[in-house]
Every structure is written in structure tokens, then in C-alpha cells.
Amino acid sequence: MNLSRNDSRMLAMTIIYQIELCKKKKVDKEYLKLQKDLTNPQIRSIAYNKIGDLAVKLKDFDYALKMYESATKCKQNVPNDVYYTLGNVYLYGTFNKDTTKNIFIEKDIKKAIEIYKKIEDKEESNKLIAYIYYYGLGDSKKNYRKAFKLFKKLNTPCLELGHLYYYGK
């Protein structure tokens, strides 16, 4: 059966939604049958990601977090935006861009950095982690030495590295 990428996503989302409903209702036979339908880790990862996005829109943040974490456990072809989102949630404690509202989990800087390291684009990964150290994001302490090492690894120049050189931090 050849499905377009969109059809594959919709099928995967439907199956995962049904699996989650079965878990809640504790219908074990149905759960096992549906889980067999979703053996492709790439489709499973995409589906968890899309369901997580939908849960955020519906403001079901606990479920969204669960779906994004499930997507990362697929280990194959996990979309980078899952890592960005999860890293930001652990860095700021919220899905909102306004970090003063809706804090719903404890901030965990180490976990955020661990998640950012999984981003396939190492340039982007290093930049995100360097910003955490440089600006002291997410209530972390500023660490110019670590930020400097990471900024130096980047192929593109950045203003922060210039500041570190200029001010000798």
C-alpha cells in the first residue's frame, strides 16, 4: 500500500489516538492489535509529534509533553522541532513563549541541554546550548567559558562571541 506522506501522517495519528483511548479504557486486546499497526518508528515519531502539537493547541500540556517524549523514544527520524519544543519546555517550564505564564513543570536545565544535543544539526545544537550558558537562560547561571567554547565551534560568526573576545569574559 503506497501512501502519500500526508496520508501516512493521518493514518499514524489516528492509530495512536486509538491506542491512547484504549489505554485509558484498558481494552488490552484492542490496544495490542492497534499497536501492531504502528510498527514503523518513523511514522510513529511523526504521529506522536503531530498529536503533541494538537494537544498544545488544545492546552492539554501534560498530554502534549507525554506525546513529545514518546516521539523522542522512537529514536529514528525524530523531527528536530520535537527536540526544540521539549528542550524549551524543560528550559522554561512551559509551552508558552511568554515564560511568566503557565509554568507547569519544574525547570530542568540539564535535561534541556541533553535534549538540545540530540538535534541533528550540530551547528544549531551548539548555538542553543551556548545561548543558555551565555545569557543564563532558564534560571541557569551564566558560564562564559562554556559559551565561548561552543560559540567557537560555530561556522557562522555571532555577536556574542565578539563580545566575549572584546570584554575578555
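Select phenylalanine 151: at 1% relative accessibility, this residue counts as buried, the term for under 20% relative accessible area, with exposed meaning over 50% and partly exposed the range in between (1.4 Å probe, protein chains only). The model is predicted, so to speak of local features a pLDDT of at least 70 is needed, side-chain atom pairs count only at pLDDT 80 or more, and totals for chains, interfaces and linings use all residues. Residues are numbered from 1 along each chain as its sequence is written, and side-chain values use heavy atoms, with hydrogens and water left out.

**The aromatic rings**

Keep phenylalanine 151 selected and add tyrosine 134. The two rings form an edge-to-face aromatic pair, 5.9 Å centre to centre with 75° between the planes. Rings of Phe, Tyr and Trp (its six-membered ring) pair if their centres lie within 6.5 Å; planes under 30 degrees apart count as stacked, over 60 as edge-to-face and the rest as tilted. Tyrosine 134 lies in helix 7 and phenylalanine 151 in helix 8, so this pair ties together parts 17 residues apart in sequence. Helices (H or I, at least four residues) and strands (E, at least two) are DSSP runs, numbered from the N terminus. Both tyrosine 134 and phenylalanine 151 are buried.

Next, display tyrosine 131, which is partly exposed at 24% relative accessibility. By the pairing rule, the count comes to five aromatic pairs. One of them joins tyrosine 131 to phenylalanine 151, edge-to-face, at 5.7 Å centre to centre and 65° between the planes. Because tyrosine 131 lies in helix 7 and phenylalanine 151 in helix 8, the pair ties together parts that are 20 residues apart in sequence. To show the whole group, select Tyr131, Tyr134, Tyr135, Tyr144 and Phe151, which form one aromatic cluster.

**A buried charge in helix 7**

Remain in helix 7 and select glutamate 123. Which side chain of opposite charge is nearest to glutamate 123? It is lysine 127, 5.7 Å away, and glutamate 123 is buried yet has no salt bridge. Here Lys and Arg count as positive and Asp and Glu as negative, while His and the chain ends are not counted; a salt bridge is a side-chain nitrogen of Lys or Arg within 4 Å of a carboxyl oxygen of Asp or Glu. Leaving aside residues up to four places away in sequence, glutamate 123 touches Lys153, Leu154, Asn155 and Thr156, where contact means heavy atoms within 4.5 Å.

**Helix 9**

Select residues 159–167, which are helix 9; Glu160, Leu161 and Leu164 are buried there. Seen down the axis of helix 9, these buried residues fall within an arc of 105°, so they line one face of the helix; the arc is that of the directions from the helix axis to the C-beta atoms. They pack against helix 7 (122–135) and helix 8 (144–153). On the face turned away from the buried side, helix 9 carries the exposed residues Leu159, Tyr165, Tyr166 and Tyr167. Glycine 168 follows helix 9, and its phi is positive, near 65°.

**Helix 3 and the whole chain**

Move to isoleucine 43 in helix 3 (residues 41–57). Isoleucine 43 is partly exposed, with a relative accessible area of 26%. Add valine 78: the two residues are 35 apart in sequence and 9.6 Å apart in space, C-alpha to C-alpha.

Finally, select the entire chain, whose secondary structure comes to nine helices and zero strands. Of the 169 residues in the chain, 40% are buried.
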